[in-house]
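Please open the structure in your viewer and keep the sequence panel visible beside it. The tour proceeds by selections, each followed by a description of what is there.

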Amino acid sequence: MFPKIFISACLLGRPVRYDGKGKRLDHPAIARWQAEGRLVGFCPEQAGGMPTPRPSAEIENGLAGADVIAGRARVIEITGGDVTSQFLEGGRRAVEFARAQGCAYALLIDGSPSCGSGFIYDGSFAGRRHVGNGVTAALMREAGIAVYSDREIEALAACVDMHTAT
């Protein structure tokens, strides 16, 4: 049986991002995995009860998802609203969904305070990025699901192909 891949719904082109748009990731591996029924699309922010569109949000003070999980940081909207509980709930639901679907991997959009796995924004809403994980990415890693960003699709494809060959 092929390993399933949890994927940020926006990467499938679904209009679920904060700005009400998708950010389709066009790549031959995506097309192949879709045809094979391996991809499982999900939006943690919507699952956490957030509307679309919604104000942009960042993790405060240059911290990351693990800090939010531990209660050391909050996720704040550009309007000042605290949406920490929605991000935590969405991340937990994402992990539950991934496990229920048998996902061994997660392909998440970078930069998001939820799905970012290589970089996230620093909480200043000034476009400054730093290395770190969003809330869902951190929870996925804690759950033992291998996390890849949309910029690491070649590495994920190599891993999936190797897993499939064995």
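A residue is called buried when its relative accessible area is under 20%, and exposed when that value is over 50%. The model shown here is predicted.

**First stop: helix H5.** Select residues 135-142, which form helix H5. Which residues of H5 are buried? They are Val 135, Thr 136, Ala 137, Ala 138, Leu 139 and Met 140. With six of its eight residues buried, H5 is mostly covered. Next, select Gly 144, which follows H5 and has a positive phi, near 85°.

**Second stop: helix H4.** Select residues 84-101, the 18 residues of helix H4. From its first C-alpha to its last, H4 reaches 26 Å, close to the 26 Å expected at 1.5 Å a residue. Now colour Thr 84, Phe 87, Leu 88, Gly 90, Gly 91, Ala 94, Val 95 and Ala 98, which are the buried residues to examine in H4. Why do these residues lie on the same side of H4? They lie there because they cover an arc of only 165° around the axis. Then turn to the other side of H4, where Ser 85, Glu 96 and Ala 100 are exposed. Just after H4, select Gly 102, whose phi is positive, at about 75°.

**Third stop: the largest pocket.** Select Arg 17, Tyr 18, Gly 111, Ser 112 and Pro 113. Of the 30 residues that line the largest pocket, these are the closest to its centre. The space in this pocket is about 520 Å³. To see which elements give two or more residues to the lining, select helix H2 (44-47), strand E3 (57-59) and strand E6 (119-121). Colouring the lining by class shows 18 nonpolar, five polar and seven charged residues.

**Final stop: the whole protein.** Clear the selection and display the entire chain as a cartoon. How many helices and strands does the protein have? There are six helices and eight strands. Following the sequence, their pattern is β-α-β-α-β-α-β-α-β-β-β-α-β-α. The radius of gyration is 15 Å, close to the 15 Å that the globule rule gives for 166 residues, so the protein is as compact as a globular protein of that length. Rotate the view to inspect the principal axes, along which the C-alpha trace spans about 50 × 30 × 25 Å. Finally, colour the protein by accessibility: 51% of its 166 residues count as buried.

Technical notes
Residues numbered from 1 in each chain as written. Predicted model: local features only at pLDDT ≥ 70, side-chain atom pairs only at ≥ 80, totals over all residues. Heavy atoms only, no water. Buried < 20%, exposed > 50% of the residue type's maximum accessible area, 1.4 Å probe, protein only. Helix = DSSP H or I, 4+ residues; strand = E, 2+ residues; numbered from the N terminus. Expected span 1.5 Å × (residues − 1). Arc of directions from axis to C-beta. 1 Å grid on protein atoms, 1.4 Å probe; cavity = no way out; pocket = protein on both sides within 12 Å on 5 of 7 lines; lining within 4 Å. Points joined across faces, edges and corners; volume = space filled by probe spheres on them. Nonpolar A, V, L, I, M, F, W, Y, C, P; charged D, E, K, R; others polar. Rg over C-alpha atoms; globule rule 2.2 N^0.38 Å.
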